[in-house]
Structure formats: C-alpha cells, structure tokens
Amino acid sequence: VSTTLTHLGDILVALGRADEALELHQRALDVVQRLAEECPEKLEWQRELAIRLQRVAQAHALRGSVEPLKELSARLGAVLADIAARAPDHAEWGRMRAQVLCDVAGYLEQAGAPEEGARLRAQALAAQEDLVARHPDMPDAQRELSVMLNAHAERERVAGRLPEAQALYTR
C-alpha cells in the first residue's frame, strides 16, 4: 500500500499538485511509520521510513512550507543517523543516506531556508566522504562525491562565496 501511495504521490509532485501529493505521501509515511515502530530492529523499515520522510519533505518544498520541512529534516536526520550507526558498512544504505540528505538540502534551499539547506548539504558531503573512506573500491561512490562537491562549490561560487567555492573545488 505505501509503495503505491508513494508512486501516486510522485506523479502528483511531477504535475505540480503539491497538496494532493502531500496527502498521499503522508498516508504512505503513516503506514511505514507504524511498521517501523512495530519492528524497530528491522533496518529495512527504517530505510523505508527515511524514503517516505524524504517524499513528504519534497511535497512540503513544492508547497513552500518551510517549518514542516525543517521538522522533517530533523526527523530524517535522526532516522538516517540510526541506520548509519546500526549498519555502518552497508554501502548501498550509505549511498542512500548521502543522496537523501542532499535531496532534502535542496528542498530546504528551494523553500527558502538556505542555512538549513547548507547544514544538511554539509552532512550529505560528510556521509558521502565516509562512504568513500569505508568503500575505496567502490568507484561510483567516488564519482558521486565528486559530483556533490562540484555542485556545492558551484552554489558557493554563484552566491559570491569564492573562498568557500575554491575550498570545495580543491577538496
């Protein structure tokens, strides 16, 4: 049920129908939240919870709802930190963690919370750097880190923060 609701919500996001998307993504989140609470030891439910939180955050960003987005980013950060602590060597979950943090950072920036977005983007970079350090034989992880660093540096350059951009480009 939650997967179907999520897919339908994704379609509504693509159509720009934020209120309807939010309703479906919230229903999907409610289902997964219940399952995660019933089986807290099962990391797969925590992973699904992170994905559903990210989708609800996306719908809030589309609506321009900054405060709920900040609350969701804090919840999401806690869930992702729990996953990282309990499965530090799981490469794909590490990749998902970095990508979800980066996505939500973008949502925060889009909704008008650039400081919160920058804080989350720094967490995403740290998560990706940790993934590269733990899995040096994973070439996609290094490439994704390079893409993240370049995108972040470009944001800093465009904002006129040239020393920060230079530091990111040379990191």
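So, I11 sits in helix α1. Keep in mind that what we're looking at is a predicted model. Is I11 buried, exposed or something in between? It's partly exposed, with a relative accessible area of 48%. If you want a feel for where that is, take G106, which comes 95 residues away from I11 along the chain: their C-alpha atoms are separated by 19 Å.

I11 also has company on the surface. Together with L8 and L15, I11 makes a nonpolar patch of about 290 Å². L15 isn't in a helix here; you'll find L15 in the loop between α1, residues 2–14, and α2, residues 18–38. And L15 is exposed, because its relative accessible area is 53% and the cut-off for exposed is over 50%.

Now, a bit of background. In soluble globular proteins, nonpolar side chains tend to be buried together. Okay, back to our model, and let's go inside.

How many residues does the largest nonpolar core have? The answer is 53, and the ones with the most contacts inside that core are L49, L53, L69, L76, L80, I83 and V104. Helices α1, α2, α3, α4, α5, α6 and α7 each supply at least two residues of this core. Which helix gives the most? That's α5, with twelve residues. On your screen, α5 runs over 91–111.

Let's zoom in on L53, one of those well-connected core residues. Leaving out anything up to four places away in sequence, L53 touches L29, L72, R75, L76 and V79. Notice L76 in there, which is also on the list of residues with the most contacts inside the core.

Right beside L53 in the sequence is Q54, so to speak our next stop. Q54 belongs to helix α3, residues 43–63. Is Q54 buried or exposed? Buried, with a relative accessible area of 6%, because the cut-off for buried is under 20%. And what does Q54 touch? Again skipping residues up to four places away in sequence, the contacts are V100, D103, V104 and Y107.

Last topic: cysteines. How many disulfides does the structure hold? Zero. Take two cysteines, C39 and C102. C39 is partly exposed, at 26% relative accessible area, whereas C102 counts as buried, at 17% relative accessibility. C102 falls on the buried side because 17% is under the 20% cut-off.

That's my tour, thanks for listening!

Technical notes:
Residues numbered from 1 in each chain as written. Predicted model: local features only at pLDDT ≥ 70, side-chain atom pairs only at ≥ 80, totals over all residues. Heavy atoms only, no water. Disulfide = S-S within 2.5 Å. Buried < 20%, exposed > 50% of the residue type's maximum accessible area, 1.4 Å probe, protein only. Helix = DSSP H or I, 4+ residues; strand = E, 2+ residues; numbered from the N terminus. Contact = heavy atoms within 4.5 Å. Patch = residues over 30% accessible without salt bridge, like charges linked within 9 Å, V, L, I, M, F, W, Y side chains within 5 Å. Areas by Shrake-Rupley, 256 points an atom, 1.4 Å probe, with all protein chains shown as cover. Salt bridge = Lys/Arg side-chain N within 4 Å of Asp/Glu carboxyl O. Core = buried A, V, L, I, M, F, W, Y, C linked by side-chain atoms within 4.5 Å.
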